[in-house]
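These are my notebook entries on a single chain, kept in the order in which I looked things up.

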Amino acid sequence: LVGSEMCIRDRITAMKRIGILSDTHSCWDERYRKHFAGCDEIWHAGDLGDITILERLEEIAPVRAVRGNIDHGDVARRCPEVQEFEVEGVKVWMTHIGGYPGRYSPGVKKLLAEKRIRLMISGHSHILKVIPDHELHLLHVNPGAAGHHGWQKVRTLVRLVIDEGDISDLEVIELSPNSQITYI
C-alpha cells in the first residue's frame, strides 16, 4: 500500500497546470494573479510591453515568455522570439506571430511537422483561438489579448492541464471591463 500511495502522489505532482496569456501591452490586471494562482507555470506569447509584466507574473509562478513585435529593451533582451520545450511528454512551440492551422506563417507548418510539436502557442492577432490541427496532430492555442490595447472587445486568458502526454481541462477566462488595471 505504501508503494501505491507513492505512485499516486508522484502522478499528482507530475501534472502541470499552465496559465497562458498574450498581448498585455504594458497592462497589469490583478486578476492575472487570481486566475493563475495554483498554476505550475505561466506562458506569455509576446507583446508584454514592459518588463514589469514579466516580473509580476514571476511572483505567481515560473514564466516562459517570448517577445512580440512591440517588445524592445529589457523584454527583448530577456525573451527569445521562439521557445521550444517539453512539458509532461508534450512538445510545445511558442512564438508571437506563427499563424494557425490552415494559415500558418511561412515555414511554420514544416517546422511543426518535423519537430512533432503537439501544442503550438501564439499571440499577436488579439483573437482567442483554440484549434486542433488534425493533419499535424497538434493543438493550436492563441489566448487572445489580456491587455486593453487593440480592437478586441473581450480580454481573455487560458488555463490548461498537461499530464503524461495529454492536454486537458482547457478553460477560457474572460476578463470583464470592470477591473483594477495598471498601465506600466
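Entry 1, contacts along the chain. I began with sequence separation and found that residues 24 or more positions apart account for 54% of the contacts with a separation of 6 or more. I note here that the model is a predicted one. For secondary structure I recorded five helices and 14 strands.

Entry 2, burial and surface. Of the 184 residues in the chain, 47% are buried. The exposed area of the chain is about 9300 Å², and carbon and sulfur atoms supply 51% of that area.

Entry 3, helix α3. Which residues of helix α3 (residues 51–58) are buried? I listed Ile51, Ile53, Leu54 and Leu57. These residues lie on the same side of α3, because the arc they cover around the axis is only 155°. I then looked up what covers them, and the cover includes the strands β1 (16–21), β2 (27–29), β3 (41–44) and β4 (63–65), together with the helices α2 and α4 (73–78).

Entry 4, His35. I located His35 in helix α2, which spans residues 30–36. Is His35 buried or exposed? Its relative accessibility is 14%, and the cut-off for buried is under 20%, so His35 counts as buried. With neighbours within four places in sequence left aside, I found His35 in contact with Leu157, Arg159, Ile173 and Leu175.

Entry 5, Leu112. This residue belongs to helix α5, residues 108–115. Leu112 has a relative accessible area of 1% and is therefore buried. Again leaving aside neighbours within four places in sequence, I recorded contacts of Leu112 with Trp93, Tyr104, Ile117, Met120, Leu136 and Leu138. I also checked Leu112 against Lys91: the two are 21 residues apart in sequence, and their C-alpha atoms are 9.8 Å apart in space.

Entry 6, aromatic pairs. I searched for paired rings, bearing in mind that such a pair is described by the distance of the centres and the angle of the planes. How many aromatic pairs does the rule give? The count comes to two. In one of them, Trp28 with Tyr32, the ring centres are 5.2 Å apart and the planes stand at 85°, so I entered the pair as edge-to-face. Trp28 and Tyr32 are buried. For Trp43 and Phe85 I noted centres 5.1 Å apart and planes at 75°, so this pair is edge-to-face as well. Trp43 lies in strand β3 and Phe85 in strand β5 (residues 82–87), so the pair ties together parts that are 42 residues apart in sequence. I found both Trp43 and Phe85 to be buried.

Entry 7, a nonpolar surface patch. Which residues make the nonpolar surface patch of about 260 Å²? I identified Leu128, Val130, Leu170 and Val172. The elements that give two or more residues to this patch are β10 (128–133) and β13 (166–175). I looked up one member, Leu128, separately; this residue lies in strand β10. Leu128 has 34% relative accessibility, which falls between the cut-offs of 20% and 50%, so I entered Leu128 as partly exposed.

Definitions and conventions
Residues are numbered from 1 along each chain as its sequence is written. This is a predicted model: local features need pLDDT of at least 70, side-chain atom pairs count only at pLDDT 80 or more; totals for chains, interfaces and linings use all residues. Side-chain values use heavy atoms; hydrogens and water are left out. Buried means under 20% relative accessible area, exposed over 50%, partly exposed in between (1.4 Å probe, protein chains only). Contact means heavy atoms within 4.5 Å. The arc is that of the directions from the helix axis to the C-beta atoms. Patches are made of residues with over 30% relative accessible area and no salt bridge: like charges are joined within 9 Å, nonpolar side chains (Val, Leu, Ile, Met, Phe, Trp, Tyr) within 5 Å. Accessible areas come from the Shrake-Rupley method with a 1.4 Å probe; for residues, only the protein chains shown count as cover. A salt bridge is a side-chain nitrogen of Lys or Arg within 4 Å of a carboxyl oxygen of Asp or Glu. Rings of Phe, Tyr and Trp (its six-membered ring) pair if their centres lie within 6.5 Å; planes under 30 degrees apart count as stacked, over 60 as edge-to-face and the rest as tilted.
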